[in-house]
Amino acid sequence: MSTRRKVLSHAALGALNGLVAGYAALAVAELASVAVRPGAGPVTAVGGAAIDRTPAGVKDWAIRNFGTNDKLILQLGIVSVLALFAMALGMLAPRSRKTASAGVLVFGVVGALAATGRPDSTGVTDAVPSVVGALVAAVVLYLLAGRLIVAGRPRSSPPSASGVDRRGFVVGAFGVAAASTGMGFLGLRLNAVGARQAAASRATVKLPAPASPAPKLPRGVDLKLPGLSPFTTANRDFYRVDTALTVPRVDVDGWKLRLHGKGVSRPLTLSFQDLLDRPLLERDITMTCVSNEVGGPYVGTARWLGVRLADLLHEAGVRPPSRGGPADQLVARSVDGMTIGTPVETVLDGRDALLAVGMNGEPLPFEHGFPVRMLVPGLFGYVSACKWIQDIELTTFDAYDAYWVKRDWAAEAPIKTESRIDTPKPFASLKVGSVAVAGVAWAQHKGVDRVEIRIDGGDWRQAELAAEGPVDTWRQWWWQWDAKPGTHTLEVRATDRTGYTQTDARARPIPDGASGWHSVVVTVT
Ligand SMILES: Nc1nc2c(c(=O)[nH]1)N[C@H]1C(S)=C(S)[C@@H](COP(=O)(O)O)O[C@H]1N2
Ligand SMILES: [Mo]
């Protein structure tokens with residue numbers, strides 16, 4: 001073997017040592033996290049910490065570019081960075097085993113700090129998975145690097161593959177890799193047991209019939225045109241926006257909701273059954289995410305079943321600020337540490353603010369907040385729609401900033417009146433003649449009064465509106481277009497029942513929602 005090849009293969013063995021040690025660290029840490037807390041595993045913790053620290057603009061950019069894949073990409077990024085550093089430390093190890101092993105411990109500290117610093121951290125025990133993982137990796141790296149050092153060779157002499165205990169290294173590395181794989185599978189299995197328990201508890205839930213059923217939808221709310229969003233969004237098609245790297249799977253048997261804080265004269269603690277035993281309302285409500293771009297997909301309508309939140313607040317003795325109540329903010333906390341602040345006045349103004357237990361005829365899907373989530377018609381999700389809720393605290397806007405408010409989003413954020421062209425799709429090639437242009441418009445808790453369309457900046461034409469559903473839902477519209485050859489720009493704008501017509505002033509989602517007219521460019525031949 002030439003000297004160059006030897007040096008190369010020596011470097012490759014070092015890198016392999018690093019990868020094996022890193023792999024062992026993750027396997028051990030993830031297994032330990034099953035015992036401590038699933039969210040305390042280093043990849044989840046570092047990813048969560050990164051999300052917590054992501055500036056509003058970057059988060060917005062990530063959602064826009066990766067959609068719901070943003071979390072997978074983040075985790076791949078973390079593992080890739082880890083692999084690169086592990087290989088570097090592995091290559092360093094045969095020269096300086098102590099320094100390389102100490103380098104591994106630094107990663108353990110990063111993971112531990114991330115895990116204990118997360119809003120859902122339950123204490124210093126969250127550091128255990130990262131610390132144990134790093135210790136194991138440091139030992140693996142140290143011992144395997146010993147096989148790569150020529151016995152009796154002075155440390156300063158150039159590396160050489162000859163005389164190295166290659167066989168010992170390879171056997172050791174494979175042994176560690178195999179053991180790590182075993183532990184990894186065990187961790188996955190144990191996690192799956194927890195998830196299965198939660199799934200079983202969800203499967204036993206029988207939703208009672210509503211005391212107040214959803215108002216019957218008029219015929220013709222759903223135009224059922226090809227390419228047009230259905231009036232009711234199926235659960236599997238409903239957008240999902242949250243910071244959870246792993247979806248919380250709550251076992252409903254142990255779940256409790258606490259209601260307490262300023263001006264609460266009778267604090268409440270409720271079980272899931274307590275909620276089901278109360279009169280339930282069923283309502284069609286359109287939800288929207290503040291991160292939705294003009295024309296974007298983060299809006300959907302479902303038939304929700306839940307308890308009227310105002311009733312619970314009244315029972316607890318809460319009065320709105322307008323009637324002398326000392327709290328103007330309701331802060332909802334989830335099992336994963338999310339905090340969402342909502343104006344108390346809005347929740348008590350008569351709208352159907354819900355603690356929802358059902359979505360389109362089934363218990364909430366885990367992705368959408370099982371067992372219970374909050375919903376306030378007319379407010380963006382990040383200021384109203386806490387999923388996996390477990391605590392409601394009455395406080396003031398002065399005293400407390402919720403999660404996204406700390407990150408520069410507005411403290412109060414009513415949904416903006418908007419409209420979207422669903423069909424034709426951007427850059428569609430169309431045939432000359434009659435084209436159905438259709439979409440949805442929303443102005444929750446106000447209602448949509450009018451939708452207009454214009455072609456190439458010409459006169460606004462009134463679109464046909466579908467029958468009007470409840471005031472908290474979106475409204476479909478359509479317009480028959482006699483398409484002429486060429487490239488054309490279609491634009492849409494809505495007017496709500498307050499008389500407000502959607503502004504053409506373009507605003508980004510930050511800090512309180514996007515604005516502007518949705519436009520679509522098509523080619524007609
Ligand atoms: N626990 C928790 N609840 C949450 C969030 C979150 O990140 N964590 N995101 C909020 C945001 S920004 C929106 S728009 C809605 C989205 O609800 P969905 O995923 O069911 O559509 O949930 C809200 N509730
Ligand atoms: Mo959102």
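Two strands are taken to pair if DSSP finds at least two bridges between them, and in this predicted model one such pairing places T423 opposite A438 in strand β13.

The pairing in question is that of β11, residues 418-423, with β13, residues 433-442; the two run antiparallel and are joined by 5 bridges. Further along, I421 stands opposite G439 in β13, while the bridge partner of S419 in that strand is A441. On its other pairing, β13 is joined by 9 bridges to strand β17, residues 475-483, again in an antiparallel arrangement, and here V435 stands opposite W481 in β17.

These strands belong to an open sheet of 4 strands, whose order is β11-β13-β17-β16 and whose pairing is antiparallel. Its edge strands are β11 and β16, the latter spanning 464-465, and each of them pairs on one side only.

What does burial say about the surroundings of these strands? With buried meaning under 20% relative accessible area, 6 of the 6 residues of β11 are buried, so this strand is largely enclosed by the rest of the structure, even though β11 is an edge strand of the sheet. For β13 the count is 8 of the 10 residues, and this strand is therefore also largely enclosed by the rest of the structure.

Seen as a whole, the protein has 11 helices and 19 strands, and its C-alpha trace spans about 90 × 70 × 40 Å along the principal axes. Of its 525 residues, 52% count as buried. Among the contacts with a separation of 6 or more, 75% are accounted for by residues 24 or more positions apart.

In soluble globular proteins, nonpolar side chains tend to be buried together. In this model the largest nonpolar core holds 83 residues, of which W304, L355 and I389 touch the most other members. Apart from that core lies another, of 22 residues, including V451, A463, W477 and V524; of these, W477 falls within the residue range of β17.

The outer surface and the charges complete the picture. The accessible surface of the protein comes to about 23,200 Å², and 59% of this area belongs to carbon and sulfur atoms. There are 57 positive and 46 negative side chains, and the centres of these two sets lie 11 Å apart.

Conventions:
Residues numbered from 1 in each chain as written. Chains lettered and ligands numbered in written order. Predicted model: local features only at pLDDT ≥ 70, side-chain atom pairs only at ≥ 80, totals over all residues. Heavy atoms only, no water. Core = buried A, V, L, I, M, F, W, Y, C linked by side-chain atoms within 4.5 Å. Buried < 20%, exposed > 50% of the residue type's maximum accessible area, 1.4 Å probe, protein only. Contact = heavy atoms within 4.5 Å. Areas by Shrake-Rupley, 256 points an atom, 1.4 Å probe, with all protein chains shown as cover. Lys, Arg positive; Asp, Glu negative; His and termini not counted. Charge placed at Lys NZ, Arg CZ, Asp CG, Glu CD.
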